[in-house]
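Student: I have a model open and would like to go through it with you. Shall we take it one question at a time?

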Amino acid sequence: MPLDTSLPPIVSHCDTCNNENREDNNGPLQRCSVCKDRFYCSLSCQTKDWKEHKYSCSALPPEGLEYGKIQKDPKREVAIKGYVAALQYWSEEYERRKNNSLGGQIKFASGRHPICEYLIEDFKFPQELQSKRHPLGHSAYPFRTTLTLASRAFLLDLISRLSDRERTVLAERISRARIPARWTRLFGPKVVACPSSLSPGEYEAFGTLAPAFLFYDDKDDLSFVTEMKASDRKAWLMLSEAFKELWDAPRSIVYSD
C-alpha cells in the first residue's frame with residue numbers, strides 16, 4: 001500500500017496545563033516530535049509531562065506509515081492460546097466471586113485466585129514477544145507487564161490475519177473512536193501499521209478498548225470480525241475485562257488470603 005503521511009488530529013489545548021495558546025504566542029501549539037500526538041504550549045510543559053508521556057510515546061515514522069505484511073507466527077499463536085487458557089480460569093473465578101458478592105466491593109477479589117500468580121509470575125511469552133519497555137508503575141502493579149505483552153501479541157496476531165482493506169477499516173474505526181482521557185490516544189493508522197512497536201500506554205488502551213473497535217462499530221464492514229469464531233471474540237472480551245479489573249491490582253492484594 002502507498003505511504004500514509006497523515007498526522008494525528010490537532011487538539012485545542014496544551015496536554016499539560018490546558019492552555020489554548022503557545023506561551024510565546026508564536027504560532028500553534030507544539031507537537032511531540034516523536035509521536036506527533038501530544039501538544040504543548042511551552043518547553044516547560046513538555047518537560048513536566050515527559051515522566052508520564054514516555055510510557056505512551058512511540059515513534060511516528062517521518063516518512064509516513066506503510067502497511068507492511070505481518071507474518072503469522074506459530075510460537076505467538078501457542079503463547080496466545082496459553083494465555084487465553086489462563087484468562088479463562090481467571091474469568092470464571094471473577095464471575096463466581098462477582099455473583100457471590102451481594103453487591104459488595106469486588107474490585108480486586110479475582111486477583112486473589114491462584115491462577116493470577118500464573119498470569120504474573122509463571123506465564124512467559126517467547127523471547128521475540130518480549131519488550132524492553134514496561135508500563136507505568138509496573139513494579140507496584142504486577143499484572144501490568146504481562147497484560148501489556150498479551151495486548152501486543154493479540155494485536156500482532158489480529159493484524160497478521162487482516163487484508164489491506166480490513167486494516168484500513170480498522171484504522172478508521174480506531175481514529176474516530178472517542179477515547180476517554182485516562183487512556184492514551186490511539187492513532188489508527190499507526191496502530192495497524194506498527195503493531196510491534198507501540199508504547200505500553202498504546203497497548204493498554206488497545207487491549208482495554210479493543211471490543212469497542214472490533215465488535216461495536218457497525219458503520220462499516222470488517223468481514224474478518226464478522227467471521228471471527230466465538231472463542232476468539234471471547235478471548236478479546238476476557239482480555240479487556242482483565243485490563244479493567246487487574247491493571248490497578250497491587251501485589252499486596254494478589255498474594256493475600
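Student: How much area does the protein expose, and what share do carbon and sulfur atoms supply?

Tutor: Happy to help! This is a predicted model, in which local features need pLDDT of at least 70 and side-chain atom pairs count only at pLDDT 80 or more, while totals for chains, interfaces and linings use all residues. Residues are numbered from 1 along each chain as its sequence is written, and side-chain values use heavy atoms, leaving out hydrogens and water. With the Shrake-Rupley method and a 1.4 Å probe, the protein exposes about 13500 Å², and the carbon and sulfur share is 51%.

Student: Is L237 buried, partly exposed or exposed?

Tutor: L237 sits in helix α9, residues 230-246 (helices are DSSP runs of H or I, at least four residues). Buried means under 20% relative accessible area and exposed over 50%, with partly exposed in between (1.4 Å probe, protein chains only). Because its relative accessibility is 36%, L237 counts as partly exposed.

Student: Which residues does L237 touch, not counting those up to four places away in sequence?

Tutor: Contact here means heavy atoms within 4.5 Å. With those sequence neighbours set aside, the partners of L237 are P211, F215 and Y216.

Student: Which element gives the most to the largest nonpolar core?

Tutor: Such a core is a set of buried Ala, Val, Leu, Ile, Met, Phe, Trp, Tyr and Cys residues joined through side-chain atoms within 4.5 Å. The largest has 56 residues, and L147 and W236 are among those touching the most other members. Elements giving two or more residues include α2, α4 and α9. The top contributor, with ten residues, is α4.
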